[in-house]
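Biologist: I am new to this structure, and I would like a close look at one part of it. Please start with the aromatic rings and walk me on from there, explaining each term as you go.

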Amino acid sequence: MSMVYDEYGRPFIILKEQQAKSRVKGLDATKANILAAKSISTLLRSSLGPKGMDKMLVSQDGDVIITNDGATIMNRMEVRDEVAKLLVELSQSQDDEIGDGTTGVVVLAGALLQEAEKLLQKGVHPVRIAQGYEKATLIAIEKLNAIADTLDNQRDTLLKTAKTTLNSKIVHNHRDMMAEIAVQAVLQVADLDRKHVNFEQIRVEGKTGGSLDETELVNGLVIDKDIAHPQMPKVTKDAKVCILTCPFEPPKPKTKHKLNISSAEDYQKLYTQEQEYFIDMVKRVKDSGATVVICQWGFDDEANHLLLQNGLVAVRWVGGIEIEHLAMATGARIVPRFEELSADKLGTAGIVREISFGTGKKERMLVLEDCANHNAITILVRGGNQMIVEEAKRSLHDAMCVVRNLIKDSRVVYGGGSAEIACSLAIREAADETAGVDQYAIRAFAQALEDIPMALAENCGLSPMEEVANLKAKQVAQNSSVIGLSVDGGAADMKEVGVFETLIGKQQQFQLASQVVKMILKIDDVISGGQYQ
């Protein structure tokens, strides 16, 4: 492929015959892009809603993940088409910004592209479709603002919203307990005056074995480590915590060296020197007043024995991120050298204990409770296998994100497809008042919004067309925007049922889906490097 210019200085591309095979342009390019994006959307459609199906994802290494979380499915899939990757990024953007609604945003984008394809076949220009979608998005956002209810940030409201999120997860049988844990965790670290939630203070740890019922919220930190020596105390109260990033071992020369030992006396001198190093290190820790030593590196049996003799509890091989969390929770300073260790760099914890699970040696964890920073908390997730534990973690993350969003902005819209139907009706009214070609694109946006409640009905085993027609008729007849689809079939008042969604989450869905669809529609030429045969 090469770039040349004509006599007027206008550039054009010359493609070799083999390269021309891999070039698609015009309406064919747009339709090819729509087809690629729709294939991804169709895949996620069956995972939408409380009765959505799960996907089993098997990696090249044989690792298995079972989930219906849109962002996880998209991240784990091996997507090669460049346009399909846009939908993967779309789902990730929704997850990063809102934390929930990752499946719905992809399904909506797929429905918008499907309606755009019909308009393209009728001869409507892609730019006019994009303009119509932009106008329809603004109408939908205005309607969402109009039908939103402002709720007080009472615990019951937050619990109902968290339960709505957990309804569509594998852990829905335990949603009451999980919602309680998610709400309590967020409220404990939330600054309600600033409407800010720091998720860094919430750790989520998982341990296989047991059942989901045994999941608990710990006021402190839980670390997947055990105490270094079996004879050290398993429980330490009013602990003074020392955090070290230097190893318990004699210093080593940084250059290559060789040590010759020719006699027993030389060996004894070397042994005595090493003993002095160890004794000096342990003495510095003891003199600082520390009772619990947490070290980023390992230490040998000699140091372990000396720590035991001096009545110190030690934990080794603690990771860098866990070290930072420990420092935040206990108020300790991270000490890089023994010479810098002093009493003012120690942290405090009400109790440090080791807990055991099952019969295996590795089934132990370290718990630090009543730390100096009371906002540091850990959710300990239990499950029958690793897949359940990981899915429970993702479900709790989504629930906590929704609670955080509600603390930021306490406005909600109602679920069950009621908000989409209400926006669809408002957009259809606006389309009837719009002149020109744009009205077809605006009406297509309204039709695409109805695909969300249709997918919900379909996944519940109901007749999609009948249920959506019934919802629209009841909303119009009763002039109510809270009538949505019940999981048992038929229309229901979502306000009474208690099915909420955050307003900012729903607005973000509409805006992100519309932006990606407009981007895809404006691509009219796909040039990929061809290979010589």
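Modeller: Happy to. Let us begin with Phe248, Phe299 and Phe338, which form one aromatic cluster. Here, rings of Phe, Tyr and Trp (for Trp, the six-membered ring) count as a pair if their centres lie within 6.5 Å; planes under 30 degrees apart are called stacked, those over 60 edge-to-face, and the rest tilted.

Before going on, a word on what you are looking at. This is a predicted model, in which local features need pLDDT of at least 70 and side-chain atom pairs count only at pLDDT 80 or more, while totals for chains, interfaces and linings use all residues. Residues are numbered from 1 along each chain as its sequence is written, and side-chain values use heavy atoms, with hydrogens and water left out.

Back to the rings: the structure holds 4 aromatic pairs. A pair of aromatic rings is described by the distance of the centres and the angle of the planes. In one of the pairs, Tyr133 and Phe445 meet edge-to-face, at 5.7 Å centre to centre and with 70 degrees between the planes. This pair links distant parts of the chain, as Tyr133 belongs to helix 6 (residues 126-147) and Phe445 to helix 14 (residues 438-449), 312 residues apart. Helices (H or I, at least four residues) and strands (E, at least two) are DSSP runs, numbered from the N terminus. Tyr133 counts as buried because its relative accessibility is 0%, and Phe445 is buried as well, with a relative accessible area of 0%. Buried means under 20% relative accessible area, exposed means over 50%, and partly exposed is in between (1.4 Å probe, protein chains only).

Two other buried residues show what surrounds a side chain. Thr165 sits in helix 7 (residues 155-166) and is buried at 6% relative accessible area. Leaving aside residues up to four places away in sequence, Thr165 touches Asp100, Asp398, Ala399 and Val402, where contact means heavy atoms within 4.5 Å. Arg394, in helix 12 (residues 386-408), counts as buried because its relative accessibility is 17%. With the same sequence neighbours set aside, Arg394 touches Ile65, Ile66, Thr67, Asp69 and Thr72.

Ser168 lies in the loop between helix 7 and helix 8 (175-189). Again not counting residues up to four places away, Ser168 touches Gly49, Pro50 and Asn68.

Now to the strands. An open sheet is formed by 3 strands in the order 6-19-22, with antiparallel pairing. Strand 6 (149-150) and strand 22 (500-502) stand at the edges with a single partner strand each, so one side of each has no neighbour in the sheet. Two strands pair if DSSP finds at least two bridges between them. Strand 6 is joined to strand 19 (residues 411-414) by 2 bridges, and the bridge partner of Asp149 in strand 19 is Val412. Strand 19 is joined to strand 22 by 3 bridges, again antiparallel, and Val413 stands opposite Glu501 in strand 22.

Two loop residues have backbone angles to notice. Trp317 has a positive phi of about 55 degrees although it is not a glycine. Trp317 is in the loop between strand 14 (313-315) and helix 11 (320-330) and counts as exposed because its relative accessibility is 51%. Asn479, also not a glycine, has a positive phi of about 50 degrees. Asn479 lies in the loop between helix 16 (464-478) and strand 20 (483-485), and its 71% relative accessibility makes it count as exposed.

Let us finish on the surface. Leu259, Ile261, Tyr267, Leu270 and Tyr271 make a nonpolar surface patch of about 490 Å². Patches are made of residues with over 30% relative accessible area and no salt bridge, joining like charges within 9 Å and nonpolar side chains (Val, Leu, Ile, Met, Phe, Trp, Tyr) within 5 Å. A salt bridge is a side-chain nitrogen of Lys or Arg within 4 Å of a carboxyl oxygen of Asp or Glu. Accessible areas come from the Shrake-Rupley method with a 1.4 Å probe, and for residues only the protein chains shown count as cover. Within this patch, Tyr271 is placed in helix 9 (residues 264-288) and counts as partly exposed because its relative accessibility is 37%.
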